[in-house]
Amino acid sequence: MAIECLVLGAGQDVGKSCVIVKINGKSIMFDCGIHTGYQDHRRYPDFSLISANSGDFTDSLSCIIITHFHLDHIGALPYFTQVCGYNGPIYMTYPTKALAPIMLEDYRKLIFEGREEEKQFSSEDIAECMKKVTAVDLKQTIQVDKDLQIRAYYAGHVIGAAMFYAKVGDSAMVYTGDYNMTADRHLGAAQIDRLQLDLVITESTYATSYRDSKYVREREFLKVVHNCVAGGGKVLIPTFALGRAQELCMILDDYWEKTNLKVPIYFSADSFSGLTLQANMYYKILINWTSQKVKDTYTTRNPFDFKNVCSFDRSLIHAPGPCVLFATPAMISGFSLDVFKLWAPDERNLVTLTGYCGSGTIGRKLMVAKPPTRITLDDNVQLDVRCQIYQLSFSPHTDAKGIMDLVKFLSPKHVILVHGEKPKMVKLKEIIESELEIPCYHPANHETLHIPSTRRIEASASDAFLQSCLCPNFKFLKTDPRQDSELDDDSNNKRKMPQLQVCENRVAQGLLITLQKNQSRKVVTENELIDTIGTEIHEEKFAYCCPIYFPNSESRDISSFHLILFGKLSREFPDLNIQDCEDVIRIQSFVGSFCSKAKCPYRTDVSFQSVLDTVHFCCAWSMGDEELAWRVISTMKNLKLSDRIET
Amino acid sequence: MEHRLLADVVSKLGKFPILSPKLTDAALSLITNPFTSDETLTSLLETLVAHLQNPDINHAILFSLLSALSNHHPRLRRRISAAAHAFVLLPTTATPTLPHALSLIEPAEPTPFDPFSDESMFLSLCFWQCVKTRRWTLRNVSKFHVRPSVFLTVLLGLTKDPYPYIREAALDGLVMLSNGGIVVDDRSLIECCYFRSVELLFDAENSVRCSAVRAVSAWGQLLVALSPDKTKADWSDALFVQLCLMVRDREMEIRVAAFSALGNIRTVSEDILMLTLAKKALSGTNEKTFPGQYTAKLFKLPATAAVFIFVNGLEDEFYQVRKSACHAVKKMTVLSAKFAGEVVYILMQILNEDSVVVRLQALQTLHHMAMHDHLKVEESHLDMFFGALVDGNALIRSAARKTIQLTKFQKLAMFRSCIDVLIKNLELCPQDEADVFYALYKIGRSHGKFVTKIIHEVSQELEPSPYGKLGFTKVRTIALLVLAISAPVSLERQISTIRPEIYSYAVTLLGRLTRGLGGLTDQNALLDYLSHCSRFTVGSTSESFGEVLDFHLKDSYFQLQKRSETTCVEIVFQKIVDLWPLIQLGCMNEVIRTLRSWKEELQFFSLDSRPPAGVLVFALKYLHVIKLLGKAWACYFSKRNLHFNGIGILEALLCKTERRLKEMLHRFTGLSRGVEMHILELMLVTYTLRLPYGGGTIFFEDYTSKVNSVFCRVENLGKEESTQPFPFLIDLQNISHEIGNSRDGFIHKPELLQKSLNLFSLKQIVVSEKLDYLDAEIDVFDNDFQNPLPFISGLPVGIPFDITLHNISLGTRLWLAITDGEKSTQFVFLDLHEFGGCNEIRKSAFVAPFFRTPKVKHFVLKVSVVMECLSEGQHSKHLNGPKQNFIYLSNGKEIHLSTAEK
């Protein structure tokens, strides 16, 4: 059995996250995003790869799971359901379901408004699409169909973001979506159980960066902002309306409160949609999805009731004096670009860049620019940038350590990296493989991976076996420390296992047999084996007819020969219990007796003829005593004259 | 009704011994009804007990009824316990019913056969197929008294149980065992427990992981303790890193448990500690690995697992984790100043926290750091640090003030803002006044220069209004006055130049000030102090400060702190004279308290100077002698009329005093004659106190010889220096002359002796600064009870010593006294010419033989350095040892020996 994993988007890239995973015949689409960097068909994942033949997506997919409301994870959903015609179940968390339509609407207006010919989906489409969505709660197990189980876990990142666990039969996997392993001001850290997993598909946006402490990040940010406003400058924080904006607002509001600053903080309401207006309101309602810290303080005061933050009016752009302005969107276009154009030429002002800026955006250009500089806005407009530029290290994505922590915690059998840049993914893959010894992959878009998965077979168990499972049955093993040291070539390698180890035998003691009658399988105890399969015991034995040189054997008595042999063996093997009864010598399973047959089948002498002064002694033994048997035989063969005289 | 129900239950049970629900309910109603008569209950109990023997009845229900009975009617418990006990002993009893019965047995009940000590029963319970039985047994493991080895193996085995609750209970049992102080000396068993717990750190069940963290901590500590010194640090690091791994668990409780376990680790190497604050693994520690487990499958623990964990923990979203992390940091800051320096920034940030408990813990951590002198406050921290001083919560403010008191500010500006914030604290929360005053005083004392500067700047504010009215209504003014008070007693020994008027202003606020400084002084003392300060400019009078101030005993504190160690000693010698009347009055409690406070003060100085100067040691010994003598004196006079009561104590005290005095006489070089005379006088007092109760002529002879030898010495001293001998000496000399002639001397003259004793008083002694203390240190490398030296019994064994001698001149005769138990002492002469160094310090590594090795596997020798007292006329009885009496120069060092293994 294998898990089949088709990456439609975010393979060695950031944008249009979309992965189709086929486990035990069930196909799940994780995320359905758009790529904001493209305006053409590359904007959407190539859905045609899902069902090359039929074209019927509803049949091909068991369900769609959306991890959070960011456009690169949900943007293509209305298109897929309304235009491509997918009609199956869609799952997302409650906050995602609440905020997704606003996000989609915002995006639709921004991109399609005025370009009717390009229009891919309408407001109605969004509304219709959302009707198909089933909202889920955290840690709620959803039985999508008879075989498919999914469960959401808290992921941090943005409000309502979730990691999804999916299980079909015995194969299980987790798709993380975007997540954050450390709590920030307003959202908690990702929380998940230790699960038995075959596969984890994780984001890897910051596959190689290591984040500073939260306190250091906040202090730096506040210092830069404070210095700017103290010098009479204006601070522009182009940001996304939901998420970072709230976190930064909280930090600034706190700081303003403490230092008693009177400089106004504006939260821009000047956007196409009501998104920004509603953003803070949503946060106030969705307190349950915020961090524990916010929840703790919520009893006394809603931390999203910012005291020093007021809404912005366009006329204030030209107002003199210092201020702080949160403006959408983050990568500087639209409204934030308007403000930027006005404020950039003044060196007292400050532009902070938050999070990730896609290539080609002005944000990206500023990231690499060193003011004073001149940047190109479009074909014939250039802008002098003299203001300071500060790159925030706040990010809702986990850093390399966080990814490693999660992978280590879940310890899956395989890891797939998505949502990141290829060179960084390669590095992280190497670390995961070397440090955690877990095979790791980073497929490109449209690549399909096959991953072996656990397969369990059903078997009945016998009563005796069940009984043996119930009672503890452990024993202690003592290993020899010297053996360990021999194994350890490297002396620096301090690997050390305890000499004494416990092992529990009760479960391991059964035998799995396949009954031929009906191909059913059964686990039985060792004692029951013979009865169950209805055969007799076949024992494997070794036999050898050993020639022993014995002068004048004809004239001598066989019993004296026995005595000699017995005496010799008793001297040679004082530790063993050697029995001599009725002309047969027994040592454990070794049985030997004088062989009078002329043509013993176990005799290896070529001639089969009796050699002078040689008697034959026929020996048989079972496999376990092989070593012993050969030692006894070699002793017998070396029977010397002196031994005889003694006796 | 009651009777009907009872009859019903009894008769039905008698006929058909089946506990139907109806019957159970009826019985239960009788049990729970508070008005049920005692007779009914008793007969119900007897019926139930009688049915215990019935093998067919449902014992689970029966026992639940009995336990209800036991809970509701404690007076029946004994009977129920006895019945349960009898039931347990029945051979027919099935294992699954045992837990019910056992839980009803009162553990306090003394019984001839204790089922809880029955190993076979314990084992059958542990190996029973029913999970519930196993769980009950494991949860109640503490009730059983079986051999630790049985406990340990069973618990260890059950950590492999497929049921998580059994694993969890087994781990908890292991923790309990390790805490219960069981002795396991089998290292492989401990290792097994440790590694098994480590394995369970990767369990899928949260509760198992949580218990595993505790078990790893407990057994890890044992493992570290049992490791030889060489690998101890490594094992400790391994344990630390292993627990660090759990700090990143996704479960809050496990993170909390992991941090509290980290806090219990006693030693961690600094580089590992620094990793916990670093973003990335530092080069050098990258490759380091420890024995342990990294994931469920990887059995090598890289040091990098510790990276960033404290930062993560301190910014966790759960306050429980932050608090726990803070607490762990508190323990770690003691280990490394570098770590403390790095972590202080994050701790300061935490002072901005929303959660009070976390803020409080952070302050306690800072306080702890300050106590260990690991707190370096920088200017950038001040905002947050001082923020805590004006916190809304009184506990936080108080903790912040405690921390501030110990903080050392490098810059005046920092100190100034600290004072401002304290004043602000006072303005905002007048209820904190006393505490703020105390903090101001304390911090002022450690920043004398800054205080003087600030007081100068603000002296205008401290002036009364132009009309000459002293209206100190502003809290700021009062606070500044408190600050001014602290200047003269500054630890910086800076001659302050604060104008004396200011102190007279402070006098008007005496009541309020006393409340604040109540912990340090009382009102009278403060008044004395203030009036003294206001009379003289401190600069001009600081020389005569001590003489002018006539403090209450308790408040010598003020003076002492102001003085250097020599002057401090002088003051002690000067003040101690005043104690004698108190001793005579029998106020020993007060005397002892005073002596103790002086001792503490002196010890404070001895911390600064290493090795402690002779004068200080002398003073400490003197204080000790006075304490002993005072106690003996009190004992002597209080018990005088009670025949022979308390002689044992008195005898012991006097013996001790004599030994100490002898030591003082011989272990110091450079004693002035006056001092020597005083010591001899004290010796005579000791002998005299001892005589009347010593009894017998033998003792009398001993006394006479001792007294005569002392007198001999006194006379010699007297000849050399024409000082007037003390009255007590003269009197005693006369008496001994008088009765020296008569045979039964002192026994008939106790009143004479007492009279002469009354003539005694303490003298003020002057000790020259060039007093040297003869001292010796003795050490044997790498020897303790775990690492004994090998020997072969009957043959001599060589013991390698490292001996350090202080202030020993070449003429001294030193011996090593090697004592084997209490029996015999063997002496080895130390040839000082073999020692390197000069008089001040000599060192030698030296192998001394010990001859009489006994026929035992292990034994302990006690070794000390002794010095012959050449001046004493008495001869020692030791063969092959010192010819003269000797005194010990070092503490007895224990040396462990064990037979060499073949």
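This is a chat about the cavities in a predicted model and about one of its histidines.

Reader: Hey, how many cavities of 30 Å³ or more are there?

Author: The count comes to six. Keep in mind that the model is a predicted one.

Reader: Okay, and what volume does the largest cavity have?

Author: About 300 Å³.

Reader: Which residues lie nearest its centre?

Author: Those are A:Met181, A:Thr182, B:Arg248, B:Arg250 and B:Asn312. They belong to a lining of 25 residues.

Reader: Which elements give two or more residues to that lining?

Author: In chain A there's helix H12 (400-410), and in chain B there are helix H14 (252-263) and helix H16 (309-314). H12(A) gives the most to the lining of the largest cavity, with three residues.

Reader: How does the lining of the largest cavity divide into nonpolar, polar and charged?

Author: You get 12 charged residues, seven nonpolar ones and six polar ones.

Reader: Cool. What about the second largest cavity, what's its volume?

Author: That cavity comes out at about 110 Å³.

Reader: And which residues line the second largest cavity?

Author: From chain A, the lining has A:Arg194, A:Asp405, A:Lys408 and A:Phe409. Chain B brings in B:Phe202, B:Leu245, B:Met246, B:Arg248, B:Asp249 and B:Tyr294. B:Arg248 is also one of the residues nearest the centre of the largest cavity.

Reader: Which element gives the most to the lining of the second largest cavity?

Author: H12(A), with three residues. Helix H13 (229-246) of chain B also supplies at least two.

Reader: How many of the residues in that lining are charged, and how many are polar?

Author: Five are charged and no polar residues turn up; the other class there is nonpolar, with five.

Reader: Switching topic: where is A:His73?

Author: A:His73 sits in helix H2 (residues 71-74) of chain A.

Reader: Is A:His73 buried or exposed, and why?

Author: A:His73 counts as buried because its relative accessible area is 1%, and the cut-off for buried is under 20%.

Reader: What does the side chain of A:His73 make polar contacts with?

Author: One polar contact goes to the side chain of A:Asp178, at 3.0 Å. Another goes to the side chain of A:His419, at 3.5 Å.

Reader: Leaving out residues up to four places away in sequence, which residues does A:His73 touch?

Author: Besides A:Asp178 and A:His419, A:His73 touches A:Ser17, A:Asp31, A:Cys32, A:Gly33, A:Ile66, A:Thr67 and A:His68.

Conventions:
Residues are numbered from 1 along each chain as its sequence is written. Chains are lettered from A and ligands numbered from 1 in the order in which they are written. This is a predicted model: local features need pLDDT of at least 70, side-chain atom pairs count only at pLDDT 80 or more; totals for chains, interfaces and linings use all residues. Side-chain values use heavy atoms; hydrogens and water are left out. On a 1 Å grid over the protein atoms alone, a cavity is a set of points where a 1.4 Å probe fits but cannot get out, and a pocket is an open set with protein on both sides within 12 Å along at least five of seven lines; lining residues have an atom within 4 Å of a point. Grid points are joined across faces, edges and corners, and a volume is the space filled by probe spheres set on the points. Helices (H or I, at least four residues) and strands (E, at least two) are DSSP runs, numbered from the N terminus. Ala, Val, Leu, Ile, Met, Phe, Trp, Tyr, Cys and Pro count as nonpolar, Asp, Glu, Lys and Arg as charged, and the others, Gly among them, as polar. Buried means under 20% relative accessible area, exposed over 50%, partly exposed in between (1.4 Å probe, protein chains only). A polar contact is a pair of N or O atoms within 3.5 Å; within protein, one must be able to donate a hydrogen and the other to accept it, and residues adjacent in sequence count only if both atoms are side-chain atoms. Contact means heavy atoms within 4.5 Å.
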